[in-house]
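This report introduces the architecture of the structure shown below. It deals with sheets, helices and nonpolar cores in turn.

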Amino acid sequence: MSQSYFPTYRPLRPTDSLENITPLATPMREGEVHDLDASREKVDDVQQYQEHRDRLTSALDATSSILTDLREFNKASWVVRYPHLKPSSERPSNARRSLSFADDPTTSTEVVLTPPTEGRLRRTLTTADAEVASDVPAADQVSANETDGLVTKSDGDFHVLRLDLKLGPHGTTTSGPTLVSQLEKSSIASLLSERIATSLVHLSKLRARVQDTSSKVLVTGDLNAGKSTFVNALLRREVMPVDQQPCTTMFCEVHDAADNDGAEEAHVVKEGCTYNHADESTFTRHPLNELEEIVTESDAERILKLYVNDPRDPQSSLVNNGTVNISLIDAPGLNRDSLKTTALFARQEEIDVVVFVVSAENHFTLSAKEFLWNASNEKAYLFIVVNRFDQIRDKARCKRLVLDQIRQLSPRTWEDAADLVHFVDSASVVETGEISDSFQTLEHSLRSFVLQKREKSKLLPAITFLNKILSDLDLLTSANALAASAELKQAQDDLARARPILEKMLAGREDLDEALAGVEDSMSGEAGDKAKDRLEKALELVGKGQSAMPEIVSMPRFPGMLQLWQYTREVKKALLQSIDEAVKAAESDARLIAVQGVTKVGTLGDAHLPVGVERSKRIFKPEAMFVVRPGHHKRRSSLNTVVVGGAYGLGIGLAAQPSALDVEFRDIIDMRHYLMRFALIGSQDGKSPLHEESDISTSAISMLSVGVGAVTMVGGKTLGARGLLEGLVRIGDLFGNAATRKWAAPLAGALALGLSLYFIYELPNTIPRTVGRHIKTILTANEPGSSQVASTSSPEQMSFAPAHAHRISKETRKVMRLAAWDLRERFRQAVDERASEVKNWEEIERVAQRAVEWLEECGRRAEEVRQKAGLTGVVDAPVLAQ
Ligand SMILES: Nc1nc2c(ncn2[C@@H]2O[C@H](COP(=O)(O)OP(=O)(O)OP(=O)(O)O)[C@@H](O)[C@H]2O)c(=O)[nH]1
């Protein structure tokens, strides 16, 4: 440790106490003299002070900028979370911590808290995985109970940005976790924002304090000790009145005249007023030459501001040296009356240094001892000027005696006596203008001491605050960076899971649409085709007089000629019933097809909907198909309306309609049919639409041939309608012949009888055919052709089978369409949900990514501030002695 006062001037650190920033000088021994040359070689402390001040100002500005950005970041980009660090419960060690956030106190993460080191000045938090933990073995091995390890208890806590979250909403103090859980993330963030705002205000105050060049030196001491003479010696001119008799009764504050626009004046502060240079009402103006008069007449309570020109250049001027504008305050000499006032004055925060002037002849009086004793409690170090040393003959003895007294009164001052205790002759400086070496040493030491004190009073609070706020920033940014990293990872994991699902869904959307349209088409087509086929077959059978559904509807038995009419009705009823049953069967087929279709849609749903999406809750009830809903009148068909209009509803209830069962004569004997038939046979050559009826008529024609009995005349030809006709023509020809006319009448009678017998004999067979044919004819009328079902005609224009096929197909399509719509809707919703999830996670990823980068950058900026300002990053400084 060097013996000089500022051996190597380095920036103050919060860990510094005066012991290690001002090397303890060996108390002066008898005969010891100041080494003036050594003193002159002292580095230029003013310049270093300026450098330090400027670096600190930059650090304060940079920190303000970080905090302002953090506030903005908290507001606009990332809700900054408030971390809590507790000793790790899992693995108690000095470095291990359990990190949780105020908005979510129940969730915690194991982290490692790394304290500032030589190379890295910030404390950092890292997740406590094995790798990182092994990086900090020294800290990690220390027991949690120890506080002298690298990490102290308070390292895990906030200093400036600490939020008091323990106060309940109604002012009731609740337990921390209970209240915290009530606080929203955003409320905590806004509390934090307020705290940052307060810190910014404090930083600007500190900046103003650092930039403040004024420093006040209070000169006090015993009555007549030579205080005024000493102040004059420092000013190199006789400003303060000097008298053999005690005269100074006021606090005379000496300023550079530059502060008063260059005018040398005395401003007497009015009683009860706070001096304001700009406000004339607070003081009275006097020329300097009236000073003696003012001083002798005024009482001690008053304050006097003196503006004087220092004849010296700024480098050597103590009052205004360019860095520190020192105001010297000449206080009244201590006596019983003034002791209290002066002591109070000395305690003022704006007083940086107390210079105590003691007469070498008188040493310390009782008042002086009392003052020093009290003052040393306030300010550990005092600057002591032992004046009138020229009057002392045994200088060594005097020094020893004085130092002994100082040792008792202010031990710290005594320890640093080489720099803080000076034995001088102030009068000679003023009287002769010669500056002794001892006085020069005194001046240098005083300026250094003032600077040192300024360092402590003006710069150190800023350093301490900077270290604390930067340390808080470390904790805040590194904890938030961990939270942001965790969020980022979570978002990335979620995206890695959700994105492929969404992409697969988007890619499969068209396929699903096509597949659903396919199912819709194929199922409705199948139902329609099947119905058409079934109904056409049914009509075919009915046209032949047979039940379309013999397993359900059987044809009635012929009850005898007497009930011919009734029989015809029964036949008609049975045939119509069988058509009804065929329609029902076709509808039943369609239901089964619809069930298959719905199952297919379900399978498509399973294939296209992602896991976790709820499948359709609709339960398909096939029995609900073809049911007329209440309020919809089932359009019952009559034979006539069915033909032209199609029919709707389950079954068509033909047989249930009395009008449809009306029996007409042509249902029994359809003469028109036969005549038409006979008329057409020759011309159509078996190609007419009625050609198929030839089979039906075969037996009738053969019977007719029997009745005629002349069939053989036709000669060996296969019996058929054509042959019969030709036979009849030939028979007709015979009537023209006289020979034949004789037997023509009996032949015609026999023919009529035969025909009658035939019809009677055949009635049980012909009635169903006739009725059936009649029904079929009606139901197939206007049939546009089997290939044109529903495609070109409206149901109203279609005949029975296509109309019902169309209806059944349409009903099936309705079911399919509903099932498909349901699936499409679910699919669309699932896509929308996935898309919005992906978008949400992408946003979280973007925000978290930016937050991680910003927070890490923030940490780097804080580190740079420390490095440039020469801060250590250590916060827990011992309380500094003043
Ligand atoms: N020989 C000698 N005389 C001094 C010295 N300092 C002051 N004096 C004389 O001591 C007397 C008192 O000096 P002042 O400066 O008025 O003392 P003071 O402490 O200001 O007095 P009050 O303010 O009244 O308490 C004057 O006559 C000075 O000339 C010194 O260093 N050597």
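## The nine-stranded sheet

In this predicted model, nine strands form an open sheet with mixed pairing, in the order β8-β7-β9-β6-β10-β5-β11-β12-β13. The edges are held by β8 (283-287) and β13 (421-423); each has a single partner strand, so one side of each is left without a neighbour in the sheet. On average, and with direction ignored, neighbouring strands of this sheet are turned by 25 degrees against each other.

One parallel pairing within the sheet joins strand β6 (residues 251-256) to strand β9 (residues 303-308) over six bridges. Here Glu 253 has Lys 305 in β9 as its bridge partner. Helix α16 packs on this sheet, where it touches β5 (214-221), β10 (325-330), β11 (351-359), β12 (383-387) and β13. The direction of α16 makes about 150 degrees with that of β11.

## The four-stranded sheet

Another open sheet consists of four strands with antiparallel pairing, ordered β1-β2-β3-β4. Its edge strands, β1 (83-87) and β4 (124-127), each pair on one side only. From one strand to the next, the twist averages 45 degrees.

Five bridges link β1 with strand β2 (residues 96-101) in the antiparallel sense. Pro 87 has Arg 97 in β2 as its bridge partner. Helix α16 (residues 437-543) packs on this sheet as well, touching β1, β2, β3 (104-114) and β4. The direction of α16 makes about 20 degrees with that of β4.

## Nonpolar cores

The largest nonpolar core comprises 71 residues, and those with the most contacts inside it are Val 219, Val 355 and Ile 384. When residues up to four places away in sequence are not counted, Ile 384 touches Phe 356, Val 358, Ile 406, Thr 413, Leu 420 and Val 421. A second, separate core has 59 residues, including Leu 460, Ile 463, Ala 481 and Ala 851.

## Helix α7

Helix α7 (residues 185-211) contains 27 residues. From its first C-alpha to its last it reaches 39 Å, close to the 39 Å expected at 1.5 Å a residue.

Which residues of α7 are buried? They are Ile 188, Ala 189, Leu 192, Arg 195, Ile 196, Ser 199, Leu 203, Leu 206 and Val 210. An α-helix has 3.6 residues a turn, so residues three or four places apart point the same way.

Conventions. Residues are numbered from 1 along each chain as its sequence is written. This is a predicted model: local features need pLDDT of at least 70, side-chain atom pairs count only at pLDDT 80 or more; totals for chains, interfaces and linings use all residues. Two strands pair if DSSP finds at least two bridges between them. Helices (H or I, at least four residues) and strands (E, at least two) are DSSP runs, numbered from the N terminus. Axes are lines fitted to C-alpha atoms, for helices over the stretch in contact, and angles run from 0 to 180 degrees between N-to-C directions. Two residues are in contact if their C-beta atoms, placed from the backbone, lie within 7 Å. A nonpolar core is a set of buried Ala, Val, Leu, Ile, Met, Phe, Trp, Tyr and Cys residues joined through C-beta atoms within 7 Å. A residue is buried if 20 or more other C-beta atoms lie within 10 Å of its own, exposed if 12 or fewer, and partly exposed in between; C-beta atoms are placed from the backbone. The expected span of a helix is 1.5 Å times one less than its number of residues.
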